[in-house]
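Reader: I would like to go through this model by way of its domains, its charged pairs and a few single residues. Please keep each answer short and finish on the value or name I ask for.

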Amino acid sequence: MNETLFSIFRNDNLEATENLSKAFESSWKSPSNIALVKYWGKKGQQLPANPSLSLTLTEAYTETSVKAIPADMKSGIKTLNKDPNHPFIPKLQTLLNWVSAEIHELSAFAFEIETRNTFPHSAGIASSASGISAFALCLLDIAYSVLNMPVDNDKFRQLASFAARIGSGSACRSVVPGYSLWGETGLVSGSSDYFAVEINSSVHPYFTGLCDAILMVSSEPKSLASTAGHSQMNIHPYSKARIAQANQNIQNVLSALQQGDIEKLSGIVENEALSLHALIMSAETGTILMAPGTVELIHQIRKARQSGLPLFFTLDAGPNVHLLYPASHSVEAGKYINENLAPLCEKNRVIFDHGGKGPERLFSGVLNLC
Ligand code: PMV
């Protein structure tokens, strides 16, 4: 599969020799995403045990700039935010090694990376999704420049999603705008375990630009790395049932999105969030990622829904609550959140976000080293 998708880089007409002595730079802004149906458990080389479906956000994003400089001594990642020993380097280096194995020209460069998030990392707001997708996009951009390849946007995004998956599974969904589906399912033609696809054309306008108010219960790094969580699923007593449940939930979420049925969507999305945490709690380590504030917020949200506000929640692998509501109700929901839910959050912090257009290229080109 690797070879098939990356074969466009092995075209004999491509000539890179001259470019190997030049320096290149690429900068991208790439958003986080929130899963409505969760990816939890993997198989093979970063392939999902079940299909997942998410909303690519707007305000929670990573901005990354990568400089590729002809390597004199050592190729690979030289620095991350000027630090040669940054703890995130190994993850990015794994992705770089994987891409370089197919696009050999990248092995001729040393990479300097600058990156920043608009939100706290490792706190269950999928910072790896935005960070890794931003890096994958920069890397692909540089590969295209080195090989003088014309950019076909659809193909470029597919390849970036394909590569991002290797660094972090959920990152492959961030490359896609709006609603993104990763994992092969007979319900969506063209869906794949290898990259994410967009499903926006089949979503009812009521759910376009769905709002996500991220209610910050804690900005502390989470206590269970997702890599460990995924591998717990290999021996989890409920793993078979989980795969069946996720496939059923994908089917139901797709039809709720299509029909504009918020009641149906709320039920499944909340079931997915609670199932993810139930799986985590019932795994070997018995990890509890919810905090008392998480549970309090869930009760308040359900009370508000009973009184007529179209709100529902989801959770990532952490204590923070993602409160979802249609854009058409953003004024009343915003007022309700500020008055009633923000006071329950850490330092009253709420990140108001919504479904968006996906990653944005900020710069791509040759770098003048003088
Ligand atoms: O992409 P990873 O390996 O960080 O896994 C992400 C898993 C969840 O965030 C818990 C769920 C999801 O689908 O985003």
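The questions and answers below take up these topics in turn.

Reader: What kind of model is this, and which domains does the domain assignment give for the protein chain?

Author: This is a predicted model. The domain assignment divides the protein chain into two named parts, and their C-alpha centres lie 26 Å apart. The parts are domain 1 (2–189) and domain 2 (204–354).

Reader: How many residues of domain 1 are in contact with domain 2, and what area do the two bury between them?

Author: On one side, 32 residues of domain 1 take part, and they meet 45 residues of domain 2. Of the area buried between the domains, 69% is on carbon and sulfur atoms. The values are 32 residues and about 3,300 Å².

Reader: Which three residues supply more of the area that domain 1 buries against domain 2 than any other three?

Author: The size of an interface is often given as the accessible area lost when the parts come together. By that area, one trio supplies 25% of what domain 1 buries against domain 2. The three are Leu 36, Lys 38 and Trp 40.

Reader: How many salt bridges and how many residue pairs in polar contact are there between domain 1 and domain 2?

Author: A search of the whole structure finds 10 salt bridges. Between domain 1 and domain 2, however, the salt-bridge count is zero. The polar contacts there, with both residues at pLDDT 80 or more, come to 10 residue pairs.

Reader: Which element gives the largest share of the side of domain 1 that touches domain 2?

Author: The elements that give two or more residues to this side of domain 1 are strand S1 (23–37), strand S4 (52–70) and strand S7 (179–182). The residues of that side divide into 21 nonpolar, eight polar and three charged. The largest share, eight residues, comes from S4.

Reader: Lys 78 forms a salt bridge with which residue, and what is the distance between the closest N and O atoms?

Author: Side chains of opposite charge can pair when their charged atoms come close. Lys 78 is in strand S5 (residues 76–80) and its partner is in strand S6 (residues 109–117), 34 residues apart. Lys 78 counts as partly exposed because its relative accessible area is 47%, and the partner is also partly exposed, at 25%. The partner is Glu 112, at 3.4 Å.

Reader: Is Lys 82, which forms a salt bridge with Glu 114, buried or exposed?

Author: The closest N and O atoms of Glu 114 and Lys 82 are 2.8 Å apart. Glu 114 lies in strand S6 and Lys 82 in the loop between S5 and helix H2 (89–102), so the salt bridge ties together parts 32 residues apart in sequence. Glu 114 is partly exposed, at 35%. With a relative accessibility of 65%, Lys 82 is exposed.

Reader: Which helices hold Glu 272 and Arg 242?

Author: Glu 272 and Arg 242 form a salt bridge with the closest N and O atoms 2.9 Å apart. Both residues are buried. The pair ties together parts 30 residues apart in sequence, because Glu 272 lies in helix H8 (residues 262–281) and Arg 242 in helix H7 (residues 239–259).

Reader: Which residues are linked with Glu 270 in a network of salt bridges?

Author: The network links Glu 270 with two arginines. These are Arg 302 and Arg 305.

Reader: Is Thr 79 buried or exposed?

Author: Thr 79 lies in strand S5. Beyond four places in sequence, Thr 79 touches Pro 84, Ile 89, Phe 111, Glu 112 and Ile 113. Its relative accessibility is 16%, under the 20% limit, so Thr 79 counts as buried.

Reader: What is the C-alpha to C-alpha distance between Pro 51 and Gly 183?

Author: Pro 51 is placed in the loop between strand S3 (47–48) and S4, and is buried at 4% relative accessibility. Residues that Pro 51 touches include Trp 182, Gly 183, Asn 247 and Ile 250. Pro 51 and Gly 183 are 132 residues apart in sequence, but in space their C-alpha distance is 4.0 Å.

Reader: The side chain of Ser 65 makes a polar contact with the side chain of which residue?

Author: Ser 65 lies in strand S4 and is buried, with a relative accessible area of 17%. Among the residues in contact with Ser 65 are Glu 25, Ser 26, Glu 112 and Glu 114. The polar contact, at 3.3 Å, is with Ser 27.

Conventions. Residues numbered from 1 in each chain as written. Predicted model: local features only at pLDDT ≥ 70, side-chain atom pairs only at ≥ 80, totals over all residues. Heavy atoms only, no water. Domains from an automatic or database assignment. Contact = heavy atoms within 4.5 Å. Buried area = accessible area lost by both parts, 1.4 Å probe. Salt bridge = Lys/Arg side-chain N within 4 Å of Asp/Glu carboxyl O. Polar contact = N/O pair within 3.5 Å; in protein donor to acceptor, adjacent residues only side chain to side chain. Helix = DSSP H or I, 4+ residues; strand = E, 2+ residues; numbered from the N terminus. Nonpolar A, V, L, I, M, F, W, Y, C, P; charged D, E, K, R; others polar. Buried < 20%, exposed > 50% of the residue type's maximum accessible area, 1.4 Å probe, protein only.
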